[in-house]
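Colleague: I am new to this structure and would like a close look at one part of it. Please start from a single residue and work outwards.

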Amino acid sequence: MSRGRWFGFIAAMLVGLTAGLVYGWVIRPSSVNNTTLASMREDYKADYVLMVAETYQTSGDLSQASQDLDQILPGKPLIAVQSAIITAQQLGYATADLKLMAQLETALKSAITAVGATP
Amino acid sequence: MNEKRGPLYLLTGLIIGAVIGVIVSLWILPVSYTETEPPTLRTDQREVFRSMVARAFLVEADINRAKARLNLLQDAAPVEDLIAQAQNLLATSGDQANARAMALLAASFSQPGLMITPLPAVITPVQVVTPTLSPSPSVTAVTATLMPTSTQGQATSTPPNVSTPRPSATIQPTQGSPFQLISNDSICSSPASTPLLMVYVQDAQGNPLQGVKIEITLVNAAPAYFYTGLYPEISLGYADYQMQKDALYSLRVGDGGQLVTGLQAPLCDANGSSYPGSLKLVFQQP
């Protein structure tokens, strides 16, 4: 195949690639009704973390709390709680709620310190 | 030698490129959304959210807050969804704690006057080690605000856990006097119907009670549990269990209630042939 034909072939392929990408990203993107807790807005995540902190307060089950937090930030429960505390403070959460979240944060931090891992 | 071929190579390139583009944009690098809202959650994530709301409700006993949280999902029928999820949870994983939480939340939704006793806290305040453990300055600031430490950086005991205003404790449906069997009736509806153990639970005044745990045991088998309130269209204090023909069951309503033994699907007669019927048991607090 001559050089001109190769050039034409690649140019046509690039045009097709662009059309395919536009189709998948613009014309027919994946449904917006298929999202996860991890993609939620920060204020919703903060309320979710508050719920986790509330259940932890009565169960004392840090493992379960970590699993619950994995839903919004997989593998980083401490950072999830810390981010939520910052958001909660910005949104003016009640002191009682902030204390619950701080308790969970402290427990997670203690657990991480105990095993010598980084958050 | 001259090649005399048409522009088919252009069409081939176009098709190959388009196929690659579609595969990349739909499967390899699909559009991902951020800053989303709960109504857009996929089904399994909605269930996780619903379960968390129910568990938090058991702690706070704040129905208005639970309603506000559950309404974020914008479910068309939140009570029915809660009940369906609770039943599904019991059937698949046997997670009684979660199922009970959802049953109670559903009951509180459909019966506004129903109050539950908040679960007691088991976590005591933890001593803060030092603020230097915080991974970011902003988080350090948060910790310092909430749990102040001494200026020397030494560990100090945190302020005692100040009790916050909570909904006043009221009688929980499963607490109080033990339930007693007041009637046991056989029901022969039709040969095609499923033999059911139908349980109605009432308080001392005869009002139906929701969220009451019922323990049922088949001989030589582990006990199973189900709860009232999952069929509000029948009665708020109603629950049922599908019986096996010729099997003997023991049943207890609530914690420490009367143990009823020897329960069996009654034999009903229809046109000379027999079929297993249902049992209707009514339990009441004395």
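In which helix of chain A is T55(A) found? Please go on from there to what lies around that helix.

Modeller: Keep in mind that this is a predicted model. T55(A) sits in helix 2 of chain A. The residue is buried, because 26 other C-beta atoms lie within 10 Å and 20 or more are enough to count as buried.

Look at what T55(A) touches. Leaving out residues up to four places away in sequence, its contacts are R55(B), A56(B) and V59(B). These carry the letter of chain B. Within chain A, take L100(A). It is 45 residues from T55(A) in sequence, and the C-alpha to C-alpha distance is 9.7 Å.

Now the chain around this residue. Chain A has 5 helices and 0 strands. Read from the N terminus, its elements go α-α-α-α-α. Chain A has 119 residues, and 41% of them count as buried. Take the contacts in chain A with a separation of 6 or more: 62% of them join residues 24 or more positions apart.

Next, the contact between the two chains. Chain A brings 56 residues to it, and chain B brings 53 residues. On the side of chain A that touches chain B, four elements give two or more residues: helix 1 (3-27), helix 2 (42-59), helix 4 (77-91) and helix 5 (95-115). Helix 1 of chain A gives the most, with 17 residues. Sorted by class, this side of chain A has 27 nonpolar, 22 polar and 7 charged residues.

Helix 2 of chain A turns up again when you look at chain B. Go to helix 3 of chain B, residues 63-71. Its buried residues are A66(B), R69(B) and L70(B). They span an arc of only 95 degrees around the axis, so they lie on the same side of helix 3 of chain B. What covers them includes helix 2 of chain A, along with helix 2 (43-60), helix 4 (78-92) and helix 5 (96-110) of chain B. The face turned away from that buried side carries the exposed residues N64(B) and A68(B).

Further along, chain B has strands. One open sheet of chain B has 4 strands in the order 1-10-2-5, with mixed pairing. Strand 1 (180-187) and strand 5 (238-242) of chain B are at the edges with a single partner strand each, so one side of each has no neighbour in the sheet. On average, neighbouring strands of this sheet are turned by 20 degrees against each other, direction ignored. Strand 5 of chain B pairs with strand 2 (residues 196-202) of chain B in the antiparallel sense, over 5 bridges. There, L196(B) is opposite Q242(B) of strand 5.

A second open sheet of chain B also has 4 strands, in the order 4-3-6-7, and its pairing is antiparallel. Its edges are strand 4 (224-227) and strand 7 (259-263) of chain B; each has a single partner strand, so one side of each is left without a neighbour in the sheet. Here the average turn between neighbouring strands is 25 degrees, direction ignored. Strand 3 (residues 213-218) and strand 4 of chain B run antiparallel and are joined by 4 bridges. In one of these pairings, E215(B) has Y225(B) in strand 4 as its bridge partner.

Back to the start: T55(A) is buried, and it touches R55(B), A56(B) and V59(B).

Conventions
Residues are numbered from 1 along each chain as its sequence is written. Chains are lettered from A and ligands numbered from 1 in the order in which they are written. This is a predicted model: local features need pLDDT of at least 70, side-chain atom pairs count only at pLDDT 80 or more; totals for chains, interfaces and linings use all residues. Two strands pair if DSSP finds at least two bridges between them. Axes are lines fitted to C-alpha atoms, for helices over the stretch in contact, and angles run from 0 to 180 degrees between N-to-C directions. Two residues are in contact if their C-beta atoms, placed from the backbone, lie within 7 Å. Ala, Val, Leu, Ile, Met, Phe, Trp, Tyr, Cys and Pro count as nonpolar, Asp, Glu, Lys and Arg as charged, and the others, Gly among them, as polar. A residue is buried if 20 or more other C-beta atoms lie within 10 Å of its own, exposed if 12 or fewer, and partly exposed in between; C-beta atoms are placed from the backbone. The arc is that of the directions from the helix axis to the C-beta atoms.
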